[in-house]
Amino acid sequence: MSQLGLKDKRVLVTGAAGGLGRAFAEGFAAAGARVIVADLNELGAQETVRAIKAAGGQAHAAKVDVTNAQSCAALADFAQKTLGGLDVLINNAAIYAGLERKTFTDIDEAVWDKVMAVNVKGVWQMTRAVTPLMKTAGAGAIVNVASATVFSGSPQWMHYVASKGAVIAMTRALARELGDDNIRANVIAPGFTLTEASLDLIADAENYGVTRGALKRSADAKDMVGTALYLASDLAGFVTGQTLIVDGGRQFN
Ligand SMILES: NC(=O)c1ccc[n+]([C@@H]2O[C@H](COP(=O)([O-])OP(=O)(O)OC[C@H]3O[C@@H](n4cnc5c(N)ncnc54)[C@H](O)[C@@H]3O)[C@@H](O)[C@H]2O)c1
């Protein structure tokens, strides 16, 4: 863990009320980071903080709506006040739970707009709110959570696939724009991972990954944590603009 250089780093994880976000928050805290656990679901964020503290880690809960510029700015202020700045941002919040599969001709326009507002605009809003703190710190790392669906072109989910493709594209633009400030931006693209949200989305979810990848098992949230820690860490100090698919070898890019 010490090689990661994450001890006492100031880390913000969005969408950390449960699922992958909670696993990321717990993973950073276990690596010695000080973590802000942010979500629209404030009670869930508080639960994550309780779990981190019970394990001996340091964390603070905060409410945020990543689609709202003022809410993102308030969260940046909170990071400044509670942690004295910010070193790492994990853009994990997204509309994923409850998304219905529909052919592209049938997707409801309001749902399309909502997915884009959270999954695309939310990443932009959150990132631009906190990069001034990273610039002040003289360095920073951003890890954006996309999805392996971008590479499989998962059918009947065009809004979600497009939104996560945009996350990869935005990350490349961010890497270019923030390189001069010593801020890196990378993507983790998880394959299907067992979380409360995903269990509701696919029939026979538990067995979904067993036959599809090179590694014959399903993923759980903990399988994603090492990659997020690595991309945020000193070990990835010369890695930026990249996308790492973590799906047990189902897709190769
Ligand atoms: N579970 C999977 O199979 C899988 C696969 C690939 C990618 N992902 C991605 O991983 C991330 C986490 O997925 P998960 O399975 O834990 O799902 P999840 O639904 O549990 O996590 C998303 C979180 O984002 C929060 N959120 C939604 N809108 C928000 C807003 N406007 N502002 C702030 N927070 C908001 C939700 O409250 C929720 O806690 C998402 O980006 C998802 O797209 C998941």
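**Helix α3, its surroundings and the salt bridges**

N68 caps the N-terminal end of helix α3, with a side-chain oxygen 2.9 Å from the backbone nitrogen of Q70. The model is a predicted one, and α3 is a convenient place to start reading it.

Helix α3 covers residues 69-83. Its 15 residues, at 1.5 Å a residue, should span 21 Å, because the expected span is 1.5 Å times one less than the number of residues. The end C-alpha atoms of α3 are 21 Å apart, so the length in the model agrees with the expected one. After the helix comes G84, which has a positive phi, near 75°.

Which residues of α3 are buried? They are S71, C72, L75, A76, A79 and L83. Viewed down the axis of α3, these buried residues fall within an arc of 145°, so they line one face of the helix. The spacing of such a face follows from helix geometry: an α-helix has 3.6 residues a turn, so residues three or four places apart point the same way. On the face of α3 turned away from the buried side are the exposed residues Q70 and K81. The buried residues, for their part, pack against three strands, β1 (10-14), β2 (34-39) and β3 (58-63), and against helix α4.

S71 is one of the buried residues of α3. Its relative accessible area is 17%, and it counts as buried because the cut-off is under 20%. Leaving out residues up to four places away in sequence, S71 touches V64 and D65.

Strand β3, one of the elements that the buried residues of α3 pack against, contains A61. Is A61 buried or partly exposed? With a relative accessible area of 28%, A61 is partly exposed. Residues up to four places away in sequence aside, A61 touches V37, A45, Q46, V49 and F78. A61 also lies 7.3 Å from E42, C-alpha to C-alpha, although the two are 19 residues apart in sequence.

E42 begins helix α2, which runs over residues 42-54. The same helix carries E47, whose side chain meets that of R22 in a salt bridge, at 3.5 Å from N to O. This pair links distant parts of the chain: R22 sits in helix α1 (residues 19-30), E47 sits in α2, and they are 25 residues apart. E47 is partly exposed, because its relative accessibility is 43%.

How many salt bridges does the model hold? The count comes to four. Another of them is formed by the side chains of D181 and K135, at 3.8 Å from N to O. This pair, too, links distant parts of the chain: D181 is in the loop between α6 (158-178) and β6 (183-190), K135 is in helix α4 (residues 109-137), and 46 residues separate them. Both partners are partly exposed: D181 has a relative accessibility of 27%, and K135 one of 44%. Helix α4, where K135 is found, is also one of the elements against which the buried residues of α3 pack.

A further salt bridge joins the side chains of R217 and D223, at 2.9 Å from N to O. R217 is partly exposed, with a relative accessible area of 49%. D223 is partly exposed as well, at 27% relative accessibility.

The loop that holds D181 leads to strand β6, and N186 is found in that strand. N186 is buried, because its relative accessible area is 0%. Which backbone atoms does the side chain of N186 reach? A polar atom of this side chain lies 2.8 Å from the backbone oxygen of V239, and the side chain also reaches the backbone nitrogen of G241 at 3.2 Å. Setting aside neighbours within four places in sequence, N186 is in contact with I142, V143, N144, T171, L231, V239, T240, G241 and Q242. V239 and G241 are thus partners of the N186 side chain and also appear in its contact list.

A record can be set beside this picture. An unreviewed UniProt entry annotates residues 9-191 as "domain: Ketoreductase". Over residues 9-191 the chain is 51% helix and 19% strand. The C-alpha atoms at the two ends of this stretch are 28 Å apart.

Key: Residues numbered from 1 in each chain as written. Predicted model: local features only at pLDDT ≥ 70, side-chain atom pairs only at ≥ 80, totals over all residues. Heavy atoms only, no water. Helix = DSSP H or I, 4+ residues; strand = E, 2+ residues; numbered from the N terminus. Buried < 20%, exposed > 50% of the residue type's maximum accessible area, 1.4 Å probe, protein only. UniProt positions renumbered as here; feature names shortened; annotations may be inferred. Arc of directions from axis to C-beta. Contact = heavy atoms within 4.5 Å. Polar contact = N/O pair within 3.5 Å; in protein donor to acceptor, adjacent residues only side chain to side chain.
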